[in-house]
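User: Hello! I would like a close look at one part of this protein, and I would be glad if you could walk me through it piece by piece.

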Amino acid sequence: MLIAPSMLSSDFAKLGEETARMDRSGADWIHLDVMDAHFVPNLTFGAPVIGAIRGYTKLPFDVHLMISDPLRYVGDFLKAGADVISFHLEADSSIPDTIRAIRDGGAKPALAIKPKTPVEAVYPYLDQVDMVLVMTVEPGFGGQSFMEPMMEKVRALKSRGVYVEVDGGINLETAPVAKAAGVDVCVAGTSVFGAPDAAAAIRALREGNGVIL
Ligand code: DX5
Ligand code: ZN
């Protein structure tokens, strides 16, 4: 299971250094939460900030777009150095056009679904995307509690051979639950940045066995 620390929980005053620290601590991907204060009730950062920290690591940039019109901005995120771009099925852009724009730009397209969206909604696009991001909290904020019923979606997707990422509330207690459901990539914000030793936290989350050392 890969671990993608969410920079949302990092010290924004040192975003570049924090990205490099996650690299040194054994992160697999760097997760970047883009919010537009419209699709979700919070505002974070956009492509210029992502471009500014791109040089601090060679790890894949996993960009999670929580914005209403992802298609309009895909080009900016591609230029900023995104490797995986997840956008929400519940957003307003044409889904096939957005997937194509991401792939044509050389990145891997992924579809994200909110907790209330049934997993069947992504089925028509499974042959077009490289990953499905199953939200295990309502998107918008870090530090919320993991929704275990979402593991049913994960199991349904894994039975169809889909690469699955989960995002929200991943910690030492919930990572084993995700791992048992077959999750491929876990996003973790609070549990990595709140830990005294990020490397130990990442190792323990990846093992998914609830043991910290
Ligand atoms: C929530 C974001 C998550 C968030 C996860 O909208 O998509 O990536 O940062 O944070 P934790 O791990 O604290 O739930
Ligand atoms: Zn996210």
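What volume does the largest pocket have? Please also tell me what lines the pocket, and what surrounds ligand 1.

Analyst: Happy to help! Please keep in mind that this is a predicted model. The volume of the largest pocket comes to about 300 Å³. Its lining is made up of 29 residues, and those lying nearest the centre are Gly142, Gly143, Gly168, Gly169 and Gly189. Sorted by class, the lining residues of this pocket are 15 polar, 11 nonpolar and 3 charged. If you want to find the pocket along the chain, look at strand 2 (30-35), strand 3 (61-66), strand 8 (185-188) and helix 7 (190-193): each of them supplies at least two residues of the lining.

Now to the ligand. Around ligand 1 there are 20 residues, of which Asp33, Gly140, Asp167, Gly189 and Thr190 come nearest. Gly189 is thus named twice, once among the residues nearest the centre of the largest pocket and once among those nearest ligand 1.

Two of these neighbours reach ligand 1 with their side chains. For Asp33, an N or O atom of the side chain is 2.8 Å from an oxygen atom of the ligand. For Asp167, a polar side-chain atom and an oxygen atom of ligand 1 are 2.7 Å apart. The backbone takes part as well: a polar backbone atom of Gly169 sits 2.8 Å from an oxygen atom of ligand 1. As for cover, ligand 1 has 380 Å² of accessible area on its own, and the protein covers 99% of that.

Asp33 has a further partner worth a look. The side chains of His31 and Asp33 are joined by a polar contact of 2.9 Å. His31 belongs to strand 2, one of the elements that supply at least two residues of the pocket lining. His31 counts as buried because its relative accessibility is 0%, under the 20% cut-off.

Following the chain onward, you come to Ala37, in the loop between strand 2 and helix 2 (47-53). Most residues other than glycine have a negative phi. Ala37, however, has a positive phi, near 60°. With a relative accessible area of 46%, Ala37 falls between the 20% and 50% cut-offs and is therefore partly exposed. Set beside each other, then, His31 is buried, whereas Ala37 is partly exposed.

Technical notes. Residues are numbered from 1 along each chain as its sequence is written. Chains are lettered from A and ligands numbered from 1 in the order in which they are written. This is a predicted model: local features need pLDDT of at least 70, side-chain atom pairs count only at pLDDT 80 or more; totals for chains, interfaces and linings use all residues. Side-chain values use heavy atoms; hydrogens and water are left out. On a 1 Å grid over the protein atoms alone, a cavity is a set of points where a 1.4 Å probe fits but cannot get out, and a pocket is an open set with protein on both sides within 12 Å along at least five of seven lines; lining residues have an atom within 4 Å of a point. Grid points are joined across faces, edges and corners, and a volume is the space filled by probe spheres set on the points. Helices (H or I, at least four residues) and strands (E, at least two) are DSSP runs, numbered from the N terminus. Ala, Val, Leu, Ile, Met, Phe, Trp, Tyr, Cys and Pro count as nonpolar, Asp, Glu, Lys and Arg as charged, and the others, Gly among them, as polar. Buried means under 20% relative accessible area, exposed over 50%, partly exposed in between (1.4 Å probe, protein chains only). A residue is near a molecule or strand if one of its heavy atoms lies within 4 Å of it. A polar contact is a pair of N or O atoms within 3.5 Å; within protein, one must be able to donate a hydrogen and the other to accept it, and residues adjacent in sequence count only if both atoms are side-chain atoms. Accessible areas come from the Shrake-Rupley method with a 1.4 Å probe; for residues, only the protein chains shown count as cover.
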